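Hi,

Here is the structure I said I would pass on. Have a look at it first, and then read my notes underneath.

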Amino acid sequence: MTTGASPVRTRTDRTATAERRAADRMAAAAAAWLEALDAEQRALAHWPAPGADAETEAERLQWYYTPTDHGGVPIGAMHPRQQSLAMQLVATGLSTPGYVTVATVMGLENVLDHVEDWGVDWGRERGRDPGLYYLRVFGDPGGQAPWGWRFGGHHVSLNNLVVSRAVRSTTPCFLGADPAMSPLLGGTSLHPLGAVEDLARELVRSLAPEQAARAVLLPRAPSDIIGGNRARITQGDEMLRLPDIWRGHFREQRLTDRLSEMDIRAESSSGFDATDHSTLALTVVPKGLPAAELEVDQRALLRALLDTYLGRVPDGLAPGPLDDPALDAVHLAWAGGTEPGEPHYYRLQGPRFLAEYDNTQRQVNHAHSVWRDPEADFGVDTLAAHRAIHHHG
């Protein structure tokens with residue numbers, strides 16, 4: 001969606017080495033997991049290579065963050081050894097803090113079940129199920145041919161593409177938390193996305209009035225991120241409604257009605273109207289305040305905030321380091337209140353980079369965050385270039 005090349009996307013020798021090493025780890029882990037599956041599991045787990053056919057590519061570009069079928073084999077349908085091998089593959093695509101956060105988010109399904117008094121009905125045996133995180137591999141791990149893998153469930157979506165034995169895409173990368181904050185013994189709290197929220201709030205509260213006038217687009221916050229689970233971000237995209245970010249339709253009308261009621265309540269609570277949605281629509285030219293207009297301390301806060309997104313993957317797989325020209329192009333846009341406990345949304349946008357965050361639902365205790373490459377999510381640019389070279393004529 002953005003235009004122009006980003007200086008932080010230059011591939012150095014160090015980056016190329018990191019991409020190759022990560023790809024080798026992914027290939028070994030993916031092969032071990034696939035080998036451990038039975039024939040029925042493998043039919044769900046192992047799909048054709050990225051771009052092999054229209055059906056495969058359409059499925060590869062689908063991603064979700066709702067508690068719906070994400071496609072693949074769910075953790076709960078695996079034996080313990082298979083589960084271990086699956087999580088070993090997941091870990092290859094994450095930094096240690098990223099892996100710990102993903103594992104925590106998965107475990108939060110048990111906490112959410114307790115919060116909701118074990119009563120949520122999604123038409124399955126357990127409404128909130130930490131076993132419903134799905135893994136799927138596209139193509140054959142290793143070798144020069146493109147392959148990739150996807151892992152996702154409620155509030156997690158990881159998407160990785162390997163081309164010519166190098167990791168070339170790690171987006172979309174989504175992490176959420178519900179509850180966003182939970183009590184722990186000793187008066188402390190579990191807050192998996194705490195820094196993702198707190199650093200942004202500290203940054204926006206540090207702005208001078210003239211800066212804030214540019215950064216704060218609305219005093220109200222939307223009920224969700226704007227990009228939703230679209231495969232591709234385009235000019236003018238407005239927030240998707242809740243029924244649109246689930247796979248397919250429920251077979252039972254009562255579940256369809258329930259989802260519709262949840263959507264209506266969320267939209268009503270936000271106070272948004274058509275003008276508000278238009279104001280927050282995604283655009284090629286970023287909205288908000290450019291980092292070029294930030295003071296030194298504010299730029300340091302922005303760097304730290306960006307790292308809560310880019311630091312999710314292993315060293316060398318994310319753009320970086322952010323030099324001054326690259327940082328200057330990143331824009332901060334905010335909607336909602338700036339006091340803790342007030343519904344809020346923000347986004348960071350620059351060349352080849354988009355991050356969105358919201359915490360508005362469940363009395364401001366339900367957070368979403370996503371890192372995307374608007375021009376090349378899922379590695380579509382690298383895959384197209386590879387196919388042009390190897391399938392020319």
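Below is what turned up, going from one strand to the cores, the pockets and a couple of single residues. Please keep in mind that this is a predicted model.

**A strand in the middle of things**

I'd start with strand β15, which covers residues 367–372. Six of its six residues are buried, so β15 is largely enclosed by the rest of the structure. In a regular strand, side chains alternate between the two faces of the sheet. For β15, one side carries Ala367, Ser369 and Trp371, while the other carries His368, Val370 and Arg372, and all of these are buried. Both faces are covered, in other words.

Which strands does β15 pair with? One is β7 (residues 173–177), antiparallel to β15 over five bridges. Another is β14 (residues 353–359), which also runs antiparallel to β15 and is joined to it by six bridges. His368 is a handy residue to click on here: its bridge partner in β7 is Gly176, and Asp358 stands opposite it as well.

**The nonpolar cores**

Nonpolar side chains tend to be buried together in soluble globular proteins. In this model the largest nonpolar core has 69 residues. The members that touch the most others are Trp33, Trp149, Phe151, Leu302, Tyr309, Tyr346 and Leu348. Helix α1 (residues 13–36) gives this core its largest share, nine residues.

Trp33 is worth a closer look. Setting aside neighbours within four places in sequence, Trp33 is in contact with Ala45, Val73, Met78, Gln82, Leu85, Ala86, Leu135 and Val137. There is also a second, separate core of 13 residues, with Phe174, Leu242, Trp246 and Leu259 among them.

**Pockets**

Rolling a probe the size of a water molecule over the atoms shows where empty space is left. The largest pocket comes out at about 780 Å³. Its lining is made up of 39 residues, and those nearest its centre are Met262, Ala266, Gln361, Arg362 and His366. Helices α8 (253–270) and α12 (361–364) each supply at least two lining residues, and α8 gives the most, with eight. By class, this lining splits into 15 nonpolar, 13 polar and 11 charged residues.

What about the second largest pocket, and which residues lie nearest its centre? They are Thr68, Trp246, Arg247, His249 and Phe250, out of a lining of 21 residues. This pocket holds about 500 Å³ of space. Here too α8 provides the largest share of the lining, this time four residues. The lining has nine nonpolar, six polar and six charged residues.

**Cavities**

Searching the whole structure gives two cavities of 30 Å³ or more. The second largest of them has about 50 Å³ of space. Around it you will find Arg60, Phe138, Gly148, Trp149, Arg150, Asn159, Asn160 and Phe378. Strands β4 (147–153) and β5 (156–163) each bring at least two of these residues, with β4 giving the most, three. Three of the lining residues are nonpolar, three are polar and two are charged. Trp149 may look familiar: besides lining this cavity, it is among the members of the largest core that touch the most others.

**Two residues to look at**

Trp122 sits in the loop between α5 (96–115) and β3 (134–138). Is Trp122 buried or exposed? Its relative accessible area is 5%, so it counts as buried. Leaving out residues up to four places away in sequence, Trp122 touches Pro67, Gly127, Arg128, Trp246, Phe250, Leu255, Arg258, Leu259 and Met262. Two of those contacts, Trp246 and Leu259, belong to the second core. Arg254 is 132 residues from Trp122 in sequence, yet their C-alpha atoms are 9.7 Å apart in space.

The other residue is His386, in helix α13 (residues 380–390). His386 counts as buried because its relative accessibility is 11%, and buried means under 20%. With residues up to four places away left out, its contacts are Gln144, Pro146, Val163 and Ser164. Leu301 lies 85 residues from His386 in sequence and 38 Å from it in space, C-alpha to C-alpha.

Happy browsing!

Notes:
Residues are numbered from 1 along each chain as its sequence is written. This is a predicted model: local features need pLDDT of at least 70, side-chain atom pairs count only at pLDDT 80 or more; totals for chains, interfaces and linings use all residues. Side-chain values use heavy atoms; hydrogens and water are left out. Buried means under 20% relative accessible area, exposed over 50%, partly exposed in between (1.4 Å probe, protein chains only). Contact means heavy atoms within 4.5 Å. Two strands pair if DSSP finds at least two bridges between them. On a 1 Å grid over the protein atoms alone, a cavity is a set of points where a 1.4 Å probe fits but cannot get out, and a pocket is an open set with protein on both sides within 12 Å along at least five of seven lines; lining residues have an atom within 4 Å of a point. Grid points are joined across faces, edges and corners, and a volume is the space filled by probe spheres set on the points. Ala, Val, Leu, Ile, Met, Phe, Trp, Tyr, Cys and Pro count as nonpolar, Asp, Glu, Lys and Arg as charged, and the others, Gly among them, as polar. A nonpolar core is a set of buried Ala, Val, Leu, Ile, Met, Phe, Trp, Tyr and Cys residues joined through side-chain atoms within 4.5 Å.
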